[in-house]
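Student: I am new to this structure and would like a close look at a single part, the sheet strands. Please begin with the term needed to read them, then go on to the surroundings.

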Amino acid sequence: MSLGSKLKQLFSKGIDDSFYDNLEDTLIEADLGPVLAYTLSEELEKKRPKTSDEAVTLIKTALGGYLTAGQLTLEKGQLNLFLLLGVNGVGKTSTIAKLARYFIDNKLAGGLTAAAGDTFRAAASQQLALHGERQGFKVVKSESGGDPGAVIYDAISSALARKDELILADTAGRMHNKAELVNELKKIDKIITGRIKPENYKKILVIDSTTGQNALRQAEIFNEALQLSGIILTKYDSSAKGGNLVAIGKELALPVYFVTSGEKITDITPFNKEVFLSNLLE
Ligand code: GDP
């Protein structure tokens with residue numbers, strides 16, 4: 001059941017002593033996380049909405065304050081690099097293919113290279129190579145098990161030689177050992193910052209809508225390691241409506257660039273805050 005329907009149900013039972021506790025639980029179930037759910041229900045308790053419509057409006061305004069739509073713009077005539085980060089399976093490799101298609105279709109990048117930096121999963125490189133052939137962009141990859149930093153270094157050399165404007169770089173993001181992950185990310189980051197201007201380099205965390213509240217912890221770890229630039233939300237076609245994004249917005253104040261909503265290459269749209277909030281609270 002959607003958050004909006006649950007709120008309606010809650011109000012239909014009347015506002016008694018347990019109302020605000022139930023409200024807090026309802027907000028947690030929508031993946032907003034305990035901190036945000038507590039803050040919101042406290043705020044609502046002070047404002048005392050009388051109907052669910054009033055409550056929805058208040059919640060929408062409050063949540064809207066934690067979300068920003070960001071734009072991924074390129075410095076024309078220079079090499080820009082978007083590094084896609086996130087734990088295994090969130091949708092990094094497929095999002096690179098979708099972004100490539102979006103930038104090519106909208107003529108936003110003069111020349112585009114993908115770096116198959118997820119060297120742990122042979123299928124990830126193969127998947128990217130196939131997309132590259134189909135969409136007409138170059139893919140730089142290594143043998144399976146190669147060094148991701150070396151792949152990205154090579155991709156930068158290749159893109160500079162071709163005067164490309166954009167590199168979309170994939171990463172592995174295995175999480176079983178945080179220290180190892182952070183070290184590997186820092187190595188990759190150092191290679192990039194040595195060759196790409198800071199303003200042309202975006203560190204983008206991919207968040208899976210279906211991950212629930214765990215997404216906040218993931219965002220904190222990646223942000224601590226690399227100081228993220230922003231977020232892309234995936235699997236928005238699922239029943240999860242991305243409440244986890246708001247919890248991340250509250251804690252880390254990162255802009256959201258795009259939302260992907262399916263397995264087709266064109267299933268990617270720029271993030272729209274109003275649409276997102278309406279879907280969350282419908
Ligand atoms: P990675 O490990 O982060 O690179 O994840 P992948 O790009 O390999 O994606 C993992 C799975 O999620 C694949 O089966 C994708 O097709 C699927 N996937 C990615 N994005 C979406 C999306 O927006 N909607 C749906 N339904 N599936 C997606």
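Tutor: Two strands are said to pair if DSSP finds at least two bridges between them. Keep in mind that this is a predicted model.

Start with strand S6, which covers residues 230-234. Its partner is strand S5, residues 201-208, and the two pair in the parallel sense over five bridges. One position to find on screen is threonine 234 in S6, the bridge partner of aspartate 208. Now look at the directions of the side chains. Gly230, Ile232 and Thr234 point one way from S6, while Ile231 and Leu233 point the other way. That fits a general pattern: in a regular strand the side chains alternate between the two faces of the sheet. A residue counts as buried when its relative accessible area is under 20%. Because five of the five residues of S6 are buried, the strand is largely enclosed by the rest of the structure. The burial therefore holds for the residues that point one way and for those that point the other.

Strand S4, residues 166-169, can be read in the same manner. Leu166 and Leu168 point one way from S4, Ile167 and Ala169 point the other way, and all are buried. S4 has a parallel partner in strand S1 (residues 80-85), to which four bridges join it. In that pairing, leucine 81 stands opposite isoleucine 167 of S4. S4 also runs parallel to strand S2 (residues 112-115), again with four bridges. Here the residue opposite leucine 168 of S4 is alanine 114.

Next come some loops that lead into or out of these elements. Lysine 107 lies in the loop between H5 and S2. Its phi is near 50°, a positive value in a residue other than glycine. Lysine 107 counts as exposed because its relative accessibility is 73%, and the cut-off for exposed is over 50%. From the C-alpha atom of lysine 107 to that of glutamine 227, 120 residues apart along the chain, the separation is 29 Å.

Aspartate 147 belongs to another loop, the one between strand S3 (138-140) and helix H7 (148-162). With a relative accessible area of 43%, aspartate 147 is partly exposed. Its C-alpha atom is separated by 9.2 Å from that of phenylalanine 120, although the two are 27 residues apart along the chain.

Arginine 48 sits in the loop between helix H3 (34-47) and helix H4 (52-64). The phi of arginine 48 is also positive, near 50°, in a residue other than glycine. At 46% relative accessibility, arginine 48 counts as partly exposed.

Now step back to the whole protein, which is divided into domain 1 (3-64) and domain 2 (80-280). The C-alpha centres of these two domains lie 34 Å apart. Between them, 14 residues of domain 1 are in contact with 13 residues of domain 2.

Two pockets complete the picture. The largest pocket holds about 350 Å³ of space. Its lining has 22 residues, and those closest to its centre are Gly91, Ser94, Lys98, Gly262 and Glu263. Helix H5 (92-105) and helix H6 (122-135) each supply at least two residues of that lining. H5 gives the most, with six residues. By class, the lining of the largest pocket has three nonpolar, 11 polar and eight charged residues.

The second largest pocket holds about 250 Å³. Of the 14 residues that line this second pocket, Met1, Ser2, Leu3, Ser239 and Lys241 lie nearest its centre. Helix H1 (3-12), helix H2 (19-29) and helix H11 (273-281) are the elements that give two or more residues to the lining. The lining of this second pocket divides into five nonpolar, four polar and five charged residues. Domain 1 and domain 2 each contribute at least three residues to the lining of the second largest pocket.

Notes: Residues numbered from 1 in each chain as written. Predicted model: local features only at pLDDT ≥ 70, side-chain atom pairs only at ≥ 80, totals over all residues. Heavy atoms only, no water. 1 Å grid on protein atoms, 1.4 Å probe; cavity = no way out; pocket = protein on both sides within 12 Å on 5 of 7 lines; lining within 4 Å. Points joined across faces, edges and corners; volume = space filled by probe spheres on them. Nonpolar A, V, L, I, M, F, W, Y, C, P; charged D, E, K, R; others polar. Domains from an automatic or database assignment. Buried < 20%, exposed > 50% of the residue type's maximum accessible area, 1.4 Å probe, protein only. Contact = heavy atoms within 4.5 Å.
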